[in-house]
Amino acid sequence: MAYFQSKPVAGRHFLQIPGPTNVPDRVLRAMDNPTMDHRGPDFGRLGQALLEKVRAVFKTEGPVVIYPASGTGAWEAALVNTLSPGDRVLMCETGWFAHLWHEMATRLQLQPDYIHTDWRRGADVAAIEARLREDKGHEIKAVCVVHNETSTGCTSRIDEVRQAIDAAGHPALLLVDTISSLGSIDYRHDEWGVDVTVAGSQKGLMLPPGLSFNAVSAKALKASETARMPRSFWDWKPMLAANATGYFPYTPATNMLYALDTAVDMLLEEGLDNVFARHDRHAEATRRAVRHWGFETQCAEPRHHSSALTAVRLPEGHSANALRAAILEKFNMSLGNGLGPLNDRVFRIGHLGDFGDLQLVGTLGGVEMGLKAASIPYQAGGVLAAMDYLNGNA
Ligand SMILES: *Cc1c(COP(=O)(O)O)cnc(C)c1O
C-alpha cells in the first residue's frame, strides 16, 4: 500500500529530503528478524559487539550511548549530563537546528551566549575564540556547535573550533551535533577533542528514525559526576553500567539495533574515507547543476559547503514550496523545505546516505523537469553539467 501518497504513482518514490534518508534493503531485512529477549544471553552478545563496533563511526575509543529517541533526545542528553542549572553555554546560530538547540538550552534554564551568522556559512570560529578570551573567569561551561547545519547546507569546521578553544586556553566542554553529518562527512570525535557528539539514526547512518547517540569523552564523563541538571531517562550512569555487559537499563529498540549493526557493517565495508569521498563528489556535481541552472546555493562560503545536502535559493518572487509541490505531484519525489525564515525561499536536495550516481542523476533530473513544470526561469542543462563532472571524476 502506498500510504505515503494521496494518489497511486508507479515507480519508486524518491525520498531526497536531507533525512530521513533511504533505508537500504539489507538494513530493512536485518530489522525483519524476531525481536529477542533483551535480558537474555543472546542480547548481551549482540549489545557488547555493537557498542564496541559503533565507536569506529564516531572515530572514538570511548563509550557511545544509544537512546531509543530521535536526535532531539540526544541533544537534551548532552546538556543534562554535563551541565548545571544557570550555567553559561556558548552557542552558534548557524541556522534552524542551532536555533532549536538554543531554545532547548534556554528552556532547560541554561544561559546561552549566542553568536549570530547570516545563515549562509558555518560557525564563526574567530568569534568563538574572542568570546572565550573575554570569559576570564571561565563561566562558560560548554561550546555547542552544529557540525552540518541541515537547514542551510553549511558545514562548520570542528577542527578549527577545537583550535579556537585551545588558542583561548579555555576549559569549556565542546558539544557537537552531527545528526546529519555522521556517516556522510568526515568526523573525528577523539582527534578533534569533542566531549559529547550528538547523532541520530535517520540520516547518514541510513536507518529509520528512532535511535540517537552520545559519544562521550573522559572529560565529559568527569563533568557528569558533578553536573546538577535533573535527569533520569537520559542519565549516562545507569546506561553505561548496563552497557558494560551489553545490556540497557530499559527496553532498547531491539530491531533498530539489528539495523544499526548492519548499517555500521555497510559503512565499514565501503570504508569511511570512501563514503566521505562519495558524498563530496555528489555534492560537487549537485552544485554544478545548481550553478548551471542559474541559482545560488544558500551556503555562500566555499569552505563550508555541505556534502550531505544542498540548499538552493530561488530567484526573488518564485516559490520554493510551489516547486516542491509540483515535483512531488508530477515526479513522485520529496525534496526538503526551507526551515524558519528560509521557508519558501529555498529547497533542499538531500544527497546523503545510501545513494549512488544514478540516484543523483534521477534526483537532479526531477528538479530540472520540475523547474520547467513550475515555470521558474532556468538555464537547461544542469543535469548534463552534473553528469560531465561525475564522468570526469569517476
Ligand atoms: C535532523 C536534525 C536534528 C533533529 O533531529 P530529530 O531526529 O528530528 O530529533 C537536529 N540537528 C540536525 C543538524 C539535524 O539535521
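This report walks through a helix, a helix pair and several loop residues of one predicted model.

## Helix α8 and its two sides

Start with helix α8, which spans residues 218-226. Three of its residues are buried: Ala220, Ala223 and Ser224. Which side of α8 do they take? They cover an arc of only 105 degrees around the axis, so they sit on the same side of α8. A general rule about helices helps here. An α-helix has 3.6 residues a turn, so residues three or four places apart point the same way.

Now look at the face of α8 turned away from the buried side. Exposed residues are found there: Ala218, Lys222, Glu225 and Thr226.

What covers the buried residues of α8? The cover includes two helices, α4 (71-82) and α9 (236-243). It also includes the strands β8 (173-177), β9 (196-200) and β10 (212-216).

One more detail belongs to the start of α8. There, Ser217 reaches with a side-chain oxygen to within 3.3 Å of the backbone nitrogen of Lys219.

## How α4 meets α5

Helix α4 is part of the cover over α8, and α4 also packs with helix α5 (residues 96-107). Two packed helices are described by the angle between their axes and the distance between the axes. For α4 and α5, the angle is about 50 degrees and the axes are 11 Å apart. That angle makes α4 oblique to α5. The crossing of α4 past α5 is right-handed.

Which residues make the contact? From α4 come Thr72, Trp75, Glu76 and Leu79. From α5 come Phe97, Leu100, Trp101, Met104 and Ala105.

## Residues in the loops

Next come the loops. The table lists relative accessible areas for four loop residues.

| Residue | Loop | Relative accessible area | Class |
|---|---|---|---|
| Ser181 | between β8 and β9 | 0% | buried |
| Met206 | between β9 and β10 | 4% | buried |
| Thr245 | between α9 and α10 (254-270) | 47% | partly exposed |
| Ser375 | between α13 (357-373) and α14 (382-392) | 59% | exposed |

Why is Met206 classed as buried? Its relative accessible area is 4%, and buried means under 20%, so Met206 qualifies. Ser375 gets the opposite label because its 59% is over the 50% cut-off for exposed. Thr245, at 47%, falls in between, so Thr245 counts as partly exposed.

Backbone angles deserve a look too. Met206 has a positive phi of about 65 degrees, although Met206 is not a glycine. Ser375 is not a glycine either, and its phi is positive, at about 55 degrees.

What does Ser181 touch, leaving out residues up to four places away in sequence? Ser181 touches His147 and Asn148.

Thr245 links up with another part of the chain. Leaving out residues up to four places away in sequence, Thr245 touches Gly44 and Gln48. Arg45 lies 200 residues from Thr245 along the chain, yet their C-alpha atoms are separated by 8.2 Å.

## A cis peptide bond

One last stop is Pro20, in the loop between β1 (14-16) and α1 (25-31). What kind of peptide bond joins Gly19 and Pro20? The bond is cis, with omega about -5 degrees.

Technical notes: Residues numbered from 1 in each chain as written. Predicted model: local features only at pLDDT ≥ 70, side-chain atom pairs only at ≥ 80, totals over all residues. Heavy atoms only, no water. Buried < 20%, exposed > 50% of the residue type's maximum accessible area, 1.4 Å probe, protein only. Arc of directions from axis to C-beta. Contact = heavy atoms within 4.5 Å. Polar contact = N/O pair within 3.5 Å; in protein donor to acceptor, adjacent residues only side chain to side chain. Axes fitted to C-alpha atoms, helices over the stretch in contact; angles between N-to-C directions. Parallel < 35°, antiparallel > 145°, perpendicular 65-115°, else oblique. Left-handed = near helix turned anticlockwise from the far one by under 90°.
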